[in-house]
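Good morning, colleagues. Please bring up the model on the screen, and I shall take you through the ligand site and then the internal cavities.

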Amino acid sequence: MQQEINIVLSPEEAVSEESIKKASALALEIPIKEISAIKKIRRSIDARSRFPKIQLRLLVYTQSETPVEDHYSIDYPDVSGKPPVIIIGAGPAGLFAALQLIELGLKPIILERGKDVKSRRRDLAALNKEHIVNPESNYCFGEGGAGTYSDGKLYTRSTKRGDVQKILTTFVAHGASEDILIDAHPHIGTNKLPNIIVNIRESILKTGAEVHFNTKVTDFILKDKKIKGVICNEKEFIADHVILATGHSSRDIFELLHKKNILIEAKPFAMGVRVEHQQSLIDAIQYRNPVRNPLLPPAAYSLVHQVNGRGVFSFCMCPGGIIAPCATAPGEVVTNGWSPSKRNNPYSNSGIVVQIDLPDLQKYTSHGAFAGLRYQQELEQMAFTAGGKTLTAPAQRLVDFSIDKNSADLPDVSYQPGVITSPLHEWLPPAIGKRLQTAFIEFGKKMKGYYTNEAVIVGVESRTSSPVRIPRNPETFEHVEIEGLYPCAEGAGYAGGIVSAAIDGQKCAEAIALKVKLK
Ligand SMILES: Cc1cc2nc3c(=O)[nH]c(=O)nc-3n(C[C@H](O)[C@H](O)[C@H](O)COP(=O)(O)OP(=O)(O)OC[C@H]3O[C@@H](n4cnc5c(N)ncnc54)[C@H](O)[C@@H]3O)c2cc1C
């Protein structure tokens, strides 16, 4: 017999199997010896009091029953001679679309402009150390996409638990820790993600599917409003179905669609700065204790405040993380963040961004669908200029910024290309800068100690989501004008984050399989 229960324990008790057993017996009002096994199905932290608690949801087995052992490995069928589907982009959307197509008996051909995940490392080192941006291989482009050298947070606002579970178990099947299946806020970490991506690629290749690196799609082959394939410089790839999963930074794809009169639209997005605190300060605030219990993870936070009708919110918070240079072309400074699996760097960073709605793009309306993108580009170029025209990022102490004061100096910051003091309060567009100033003061009221001049803001956080939507039919998932073209995930405006992008990839694959079967 098995029963599902919830128990609440101290961090010390939560790591002791004996304590968990005792608490389970108490909750079920049975003798301990009747418990034959316990399986954890959910783990979360309740840090609302000075003494944080661990909440566990358990399946408790009695009467000698034990859980069936979990097997996560997946047997993918051979798809060598099956109908081909082109996938542009090997980010989470592209990779998970490929696995789903294989499960459904179709042959994915992945075309990726960047390098394989290991070769990408050299280009990241060049970004960090030499300020060199390779427009084909960087923090956003290359195998695994933008999520590879990230914190690997796997939480999503998607309520479709079934879909999320499949993504998580697929990660586990390819080498992620089983902890991600039970943690309320699972994450993988930059050090572990690359190997998982390699394993996913191997699963794909074993089935007879294809993965092509250094293969940038430069044109679409179209006939009578139907897609027939794509061109990568000189080479053609032919297929009746093309998944376009190129991410939010593939500006040349947006330009190409526009040039070919394929409908794209401006969409709301968000921009702001990255803020960095000492992790020990965030721990002290969140756990209400000057020293973090080592059994508790480095603390995260999530903040939001409305200022003059627009949301200002924290985005992609990285406890124990590093601020990364995420430009995809020379002449721009773009930040984001990553953390290793242990989140054990002394810094904590987070994007603090302002919601940008279409009415905020008045100045850019002449750019049509590119209105938001031009605003985004302009802000990134302003940061580049303020930083001294290298990848050195403009930065300012948090309180100084909020009270319009220049910072004479800066504390140490994790951003490896370096920072330079800059009056962000002067050059950030007021619609962003003024709202950030108000929000930081309010955040300081919600988290006592957060509003400190020991914290630094680093400009700019501009790639939170795509400023462009590639519209698709909500039922067939095809582009509203082009048959066989499937705009997918973050770049098309249908996802934000690793898990939701992966789910959208799967959905596009399912839509294609349905169409192929109906033919
Ligand atoms: C530093 C960093 C940290 C992040 N941390 C997290 C996190 O912790 N958790 C989270 O959920 N999300 C995080 N994100 C966001 C997350 O990575 C994205 O939401 C997700 O990767 C989007 O997936 P995607 O497949 O839609 O697009 P992408 O991952 O952007 O993949 C698109 C792929 O398409 C390729 N491509 C583009 N144009 C072409 C072309 N013309 N031809 C061929 N290939 C092309 C690109 O090279 C890229 O590999 C982070 C992002 C960054 C940059």
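Let us begin with the backbone of Ala-93, where an N or O atom lies 2.9 Å from an oxygen atom of the ligand. Please bear in mind throughout that this is a predicted model. Gly-497 also presents a backbone N or O atom to a ligand oxygen, at 2.9 Å. For Arg-113, the partner on the ligand is a nitrogen atom, and the distance from a backbone N or O atom is 3.1 Å.

How much of the ligand's accessible area does the protein cover? On its own the ligand has 1,000 Å² of such area, and the protein covers 97% of it. Two or more residues of the surrounding shell come from each of these elements: helix 3 (92-103), strand 16 (335-338), helix 13 (489-492) and helix 14 (498-518).

The ligand has 37 residues around it, and those that come nearest are Glu-112, Ala-146, Ser-250, Glu-490 and Ile-498. By character, the shell comprises 17 nonpolar, 14 polar and six charged residues.

I turn now to the cavities. The structure contains two with a volume of 30 Å³ or more.

The largest cavity has a volume of about 70 Å³. Which residues line the largest cavity? They are Pro-92, Leu-95, Phe-96, Gly-144, Gly-147, Thr-148, Phe-171, Leu-193, Ile-197 and Ile-498. You will recognise Ile-498 from the residues that come nearest to the ligand. Helix 3 and helix 6 (193-206) each contribute at least two residues to this lining, and helix 3 gives the largest share, with three. Seven of the lining residues are nonpolar and three are polar, while none is charged.

The second largest cavity has a volume of about 40 Å³. Its lining consists of Tyr-76, Phe-96, Leu-99, Gln-100, Glu-103, Lys-166, Thr-170 and Gln-506. Two or more of these residues come from each of helix 3 and helix 5 (161-173). Which element supplies the largest share of this second lining? That is helix 3, with four residues. Here the division is three nonpolar, three polar and two charged.

Phe-96 deserves a closing remark, as it appears in the lining of the largest cavity and also in that of the second largest. Helix 3, likewise, gives residues to the shell around the ligand, to the lining of the largest cavity and to the lining of the second largest.

Thank you for your attention.

Technical notes: Residues numbered from 1 in each chain as written. Predicted model: local features only at pLDDT ≥ 70, side-chain atom pairs only at ≥ 80, totals over all residues. Heavy atoms only, no water. Near = heavy atom within 4 Å. Polar contact = N/O pair within 3.5 Å; in protein donor to acceptor, adjacent residues only side chain to side chain. Areas by Shrake-Rupley, 256 points an atom, 1.4 Å probe, with all protein chains shown as cover. Nonpolar A, V, L, I, M, F, W, Y, C, P; charged D, E, K, R; others polar. 1 Å grid on protein atoms, 1.4 Å probe; cavity = no way out; pocket = protein on both sides within 12 Å on 5 of 7 lines; lining within 4 Å. Points joined across faces, edges and corners; volume = space filled by probe spheres on them.
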